[in-house]
Amino acid sequence: MNRQHHLKKSVLLLQINSRSSSSSLLPSTSTSNGVLQLLHPAKQFSTTSAASRKKKNTPNLGKAGTDQTSSATPPNPHRQPFVTHRLRPGQPNPLYHVYKNTNSKKYKSDPLYKPPWRLNTKANVISAEDFAARPRVCFEEQFDSLHDGMIVLSWLNVKQQRDIFDAYTKLMLEQEKQFGVTSHEYVMRVVGQQFNISTMRVAAIVDAIHDEEQNRKNNPELVFDKLAEYVDAKTQEHINNVYKAYGEVNPNEFIEDPVERLDIRVGNAQGMGHVAVDDLYDIDELTKQSILREKDEAQLEIDGHIYQEDVDDNLIESKVNKECLELIQAQKEAFEKMKEEWNRGDSELENPLPHGGKVEMEDEEGNIVEKVAERRPRWKFVAQTINVREEKMAKEKVGKKKKKKKKSSSLLASEDIRNTIVEQDGVLRVATMKEVNDVAWKDVRNVQEFVFQGVKSAWLRRKEGEKGGWGHVPEEVKAAAKAKMEEENAKKEEEEQQEGEADSDSPDDSENSNDEKEK
């Protein structure tokens, strides 16, 4: 009895594999004031039954990717009016947990990095916990099956990509009509949850289909529909053969790879970790509470996210401080004073072109006419103002420990303030965001904005009045471009055939052929 009583009061040791990814169960634990805290618990998916899924109240996504949960969903609390869909948390970015304690800004916290694992999918793979706890040393060089390797083979065909582009254009037009304000970032995320794919994949597909539509109008010779159908058929055939060889069921739908498949090390870099936990605590209940807490935190992050609206960067001025504005004002006053001293007005400035900018030249009929020469654009000079005194004071505040960690101090008090100025045609002004993004001291690139940059630029040009540069190209325009291409191809073939006949009938060729025969 004493021994049993002693065993009940013994310390529980939890051996945790720190090489598991950020969304694996219990990658690291810690106790604080007698309370167990789980750092990265997120049981994203597992091969559970339908009854257990109902108990967890997880959203059940149908084939169209729409959320089929109950209609008692609370209203969207977002402050931007065009946000009408409340997005649900998916699989977070695992690289954020790796680099969150570093000075890198490349990987940010993104609860919508990948869509949530669809529990009603036909893909049968190993659970995240079992995959993380697999033996690291074995005699085989590869997994025995797709199930054990957490591998899902799928393919997005042309028809599915067209459906994604149709959903994108429909949402954009609805936003413009209803609110007058649009956001590509928001639309990409909504379409991604509708089709249960990542936002980056939606952005790449939309931009690719946009380029294809423009090629059908301008360069139809660059579009190969039959080749695309052949690639789709062969790829699907290969996927079917692989599943047949392993004796597993083909899901026959596109499924994003689970985050756990990346197998990114999070937590203690030494490999294994042990945490002493008193047996008075219910580990299963604490794990469940931690998972729900992280889900609520992710939902709050999504609801509070401010989406970037579609505005031309050339119309947005960058942020500058008071000293930079005073410098610009002083330059303007000095320039006006210089013009007063020289007794010149704006219209009396010296023209650098010879002969007053007038050039004599011949027209098509041979008559000498006088034309005004166009002046080439002046060089644009860009500079950044830096207060060296504030920079020196900021460096002095940095402790020795931070210096050892090689954390470079910012040149400015705020990283959003770039203090970029532009001089062109004698005018000094604040640089626009487009100009700031083209200089060396620009901010870290927004990867998603860069991916759909082409289709977003076309949308902005459409708002300015351009026609036919965004969205679906009318069928009659495609047919006219295709007919013109076929006509040009036929004309080229006819000219090549005539040139070939002329070369064969030339006397030089006939004499050379006779000489070769005699030899």
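**Cavities, strands and one loop residue in a predicted model**

A search of the whole structure turns up four cavities of 30 Å³ or more, and I should say at the outset that what we are looking at is a predicted model. I will start with those cavities, then move to the strands, and finish with a single loop residue.

The largest cavity has a volume of about 70 Å³, and the residues that line this cavity are G90, L112, K114, P115, R189, G192, Q193, I197, S198 and T199. If you sort that lining by class, you get five polar residues, three nonpolar ones and two charged ones. Which helix gives the most to this lining? That is helix α6, which spans residues 184–195 and contributes three residues to the lining of the largest cavity.

The second largest cavity holds about 60 Å³ of space, and around this second cavity we find Q91, P115, P116, W117, R118, T121, N196, I255 and E256. Here the classes come out as four nonpolar, three polar and two charged residues. You may want to mark P115 on your display, since P115 is listed in the lining of the largest cavity and is listed again in the lining of the second largest.

For the chain as a whole, the secondary structure amounts to 17 helices and nine strands, and buried residues account for 31% of the 519 residues. Among contacts between residues at least 6 apart in sequence, 72% join residues that are at least 24 apart.

Let me now turn to the strands. As a general reminder, strands of a sheet pair through backbone hydrogen bonds, and they do so in either a parallel or an antiparallel way. In our model there is an open sheet of three strands, ordered β7-β8-β9, in which the pairing is antiparallel. Its edge strands are β7, residues 381–384, and β9, residues 427–430, each of which pairs on one side only. On average, and with direction ignored, neighbouring strands of this sheet are turned by 25° against each other.

Within that sheet, strand β8, residues 420–424, is joined to β9 by four bridges, and if you look for E423 you will find that L428 in β9 stands opposite. Lying across β8 and β9 is helix α10, residues 322–341, which runs at about 165° to β9.

A second strand pair is made by β5, residues 358–362, and β6, which are antiparallel and share five bridges; M361, for instance, has V369 in β6 as its bridge partner. These two strands form a hairpin with five residues between them, and in the turn G366 has a positive phi of about 95°. How many of the five residues of β6 are buried? The count is zero, and this strand, residues 368–372, is accordingly described as hardly covered.

The last item is N314, which sits in the loop between α9, residues 283–303, and α10. Why is N314 called partly exposed rather than buried or exposed? Its relative accessible area is 43%, and because buried means under 20% and exposed over 50%, that value falls in between. When neighbours within four places in sequence are left aside, N314 is in contact with T432 and K434. N314 and E435, although 121 residues apart in sequence, are 7.6 Å apart in space from C-alpha to C-alpha.

Definitions and conventions. Residues numbered from 1 in each chain as written. Predicted model: local features only at pLDDT ≥ 70, side-chain atom pairs only at ≥ 80, totals over all residues. Heavy atoms only, no water. Pairing = 2+ DSSP bridges. Axes fitted to C-alpha atoms, helices over the stretch in contact; angles between N-to-C directions. Contact = heavy atoms within 4.5 Å. Buried < 20%, exposed > 50% of the residue type's maximum accessible area, 1.4 Å probe, protein only. 1 Å grid on protein atoms, 1.4 Å probe; cavity = no way out; pocket = protein on both sides within 12 Å on 5 of 7 lines; lining within 4 Å. Points joined across faces, edges and corners; volume = space filled by probe spheres on them. Nonpolar A, V, L, I, M, F, W, Y, C, P; charged D, E, K, R; others polar.
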